[in-house]
Amino acid sequence: MNPQARIGLIIPSSNRLTEPQFHRFAPPGVGIHATRLRMTGKWHRPLKNLKEAIAEAAAALSDVRPDIIVFHCTASSMEDGLAGDAAVAEWIEKACSCASMTTGQAITQALKFLGVKKLVLITPYVKKTNEHEISYLSEAGFEVVHAFGLGLSGGDEYVAITPERWIEIVSENVRPEAEGYVLSCTNTTMIEAIEELERLFKKPVVASNQAVLWSCLRKLNVGREIKGPGKLFAL
């Protein structure tokens, strides 16, 4: 295959699910290329301390001539608010001279596109990480009417949660005033729960991998309906 468009992803070293999900849902003619950073779990560092590592990863990815490079870790992306997130995108662009994006930016773009202002946030994270994400989303102009995190310790536990269990978790945290649901984390099976959740609750659902793939395809002008990741791709 000679891809007509290429997406570069900088992902946590423990991430097992982003690549197979992107390969599954990306349309033909879109290349997916990833590089890894030790930046989560026991390797966690403040976002500002990742500048050199992110720039180096972006420079390495630039060798495949990507059309866009994404810093693809929801929790780290949102950790320092909108300003910290914007700084990451700037580090990438300076390192590789191509378009850039973060997971946080993609999620906010998706929510605005869907017209969601009031939302429920569902994550596998501990309380502190949830608080960072609530702060980020609030700063971006959204109202988090309810948030729930499983309090899991890391990637091994994240990937063990099935799509069926995510459906149960969202069902247990439904809020009638919510206009939509955000399922946050790139290393989960959440994307496989989206369609059933939208069928059950008649509200849009945005998940990390879904939002980033959608936003990249829009920026690259690769447009077609993709079966699977919910209402976001059908509009």
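Here are some numbered notes on this predicted model, for you to read beside the structure.

1. Let us start with the cysteines. A search of the whole structure finds 0 disulfides. Cys73 is in none, and its nearest cysteine sulfur, that of Cys185, is 7.5 Å away. Since the cut-off for a disulfide is 2.5 Å between sulfur atoms, the distance from Cys73 to Cys185 does not qualify. Cys73 itself is buried, because its relative accessibility is 6% and anything under 20% falls in that class.

2. Cys216 tells a similar story. Its sulfur is 10 Å from the closest cysteine sulfur, which belongs to Cys98, and that is too far for a bond. Cys216 counts as buried, with a relative accessibility of 0%.

3. Cys185 deserves a second look for its backbone. It has a phi near 145 degrees, a positive value in a residue other than glycine. As background, most residues other than glycine have a negative phi. Cys185 is placed in the loop between E7 and helix H9 (194-201), and this residue is buried, its relative accessible area being 5%.

4. Lys202 is another residue to check on the same score. It is not a glycine, yet it has a positive phi of about 55 degrees. You will find Lys202 in the loop between H9 and strand E8 (205-207). Is Lys202 buried or exposed? At 66% relative accessibility, Lys202 counts as exposed.

5. Now for the aromatic residues, where the count comes to 3 pairs. In one of them, the ring centres of Phe113 and Trp214 are 5.1 Å apart and the planes meet at 50 degrees, so the pair is classed as tilted. Phe113 belongs to helix H5 (residues 103-114) and Trp214 to helix H10 (residues 208-219), so this pair ties together parts that are 101 residues apart in sequence. Phe113 counts as partly exposed at 35% relative accessibility, while Trp214 is buried, with a relative accessible area of 5%.

6. Tyr125 and Tyr158 form another pair. Their ring centres lie 6.0 Å apart and their planes are at 70 degrees, so the arrangement is edge-to-face. Tyr125 sits in the loop between E5 and helix H6 (127-139), and Tyr158 in helix H7 (residues 155-160), so the pair ties together parts that are 33 residues apart in sequence. Both Tyr125 and Tyr158 are buried.

7. Thr123 links up with the previous point. It is found in strand E5 (residues 118-123), and a polar atom of its side chain lies 2.9 Å from the backbone nitrogen of Tyr125. Thr123 is buried, at 0% relative accessibility. Which residues does Thr123 contact, leaving aside its neighbours within four places in sequence? They are Asn130, Glu133, Phe148, Gly149, Leu150, Trp166, Ser184 and Met190.

8. The largest pocket is worth opening in your viewer. Its volume is about 620 Å³. The lining is made up of 27 residues, and those nearest the pocket centre are Thr40, Gly41, His44, Ala75 and Tyr158. Helix H3 (74-78), H6 and H7 are the elements that give two or more residues to this lining. Tyr158 thus appears both in the edge-to-face pair with Tyr125 and among the residues nearest the pocket centre.

9. Leu213 brings us back to helix H10. With 2% relative accessibility, Leu213 counts as buried. Not counting residues up to four places away in sequence, Leu213 touches Ile7, Phe22, Phe25, Ala26 and Phe233. From Leu213 to Glu90 the separation is 123 residues in sequence and 20 Å in space, C-alpha to C-alpha.

10. Pro176 makes a good last stop. It is found in the loop between helix H8 (163-172) and strand E7 (180-183). Pro176 is exposed, with a relative accessible area of 69%. Pro176 and Val145 are 31 residues apart in sequence, and their C-alpha atoms are 9.9 Å apart in space.

Technical notes:
Residues numbered from 1 in each chain as written. Predicted model: local features only at pLDDT ≥ 70, side-chain atom pairs only at ≥ 80, totals over all residues. Heavy atoms only, no water. Buried < 20%, exposed > 50% of the residue type's maximum accessible area, 1.4 Å probe, protein only. Helix = DSSP H or I, 4+ residues; strand = E, 2+ residues; numbered from the N terminus. Polar contact = N/O pair within 3.5 Å; in protein donor to acceptor, adjacent residues only side chain to side chain. Contact = heavy atoms within 4.5 Å. Phe/Tyr/Trp six-rings, centres within 6.5 Å; stacked < 30°, edge-to-face > 60°. 1 Å grid on protein atoms, 1.4 Å probe; cavity = no way out; pocket = protein on both sides within 12 Å on 5 of 7 lines; lining within 4 Å. Points joined across faces, edges and corners; volume = space filled by probe spheres on them.
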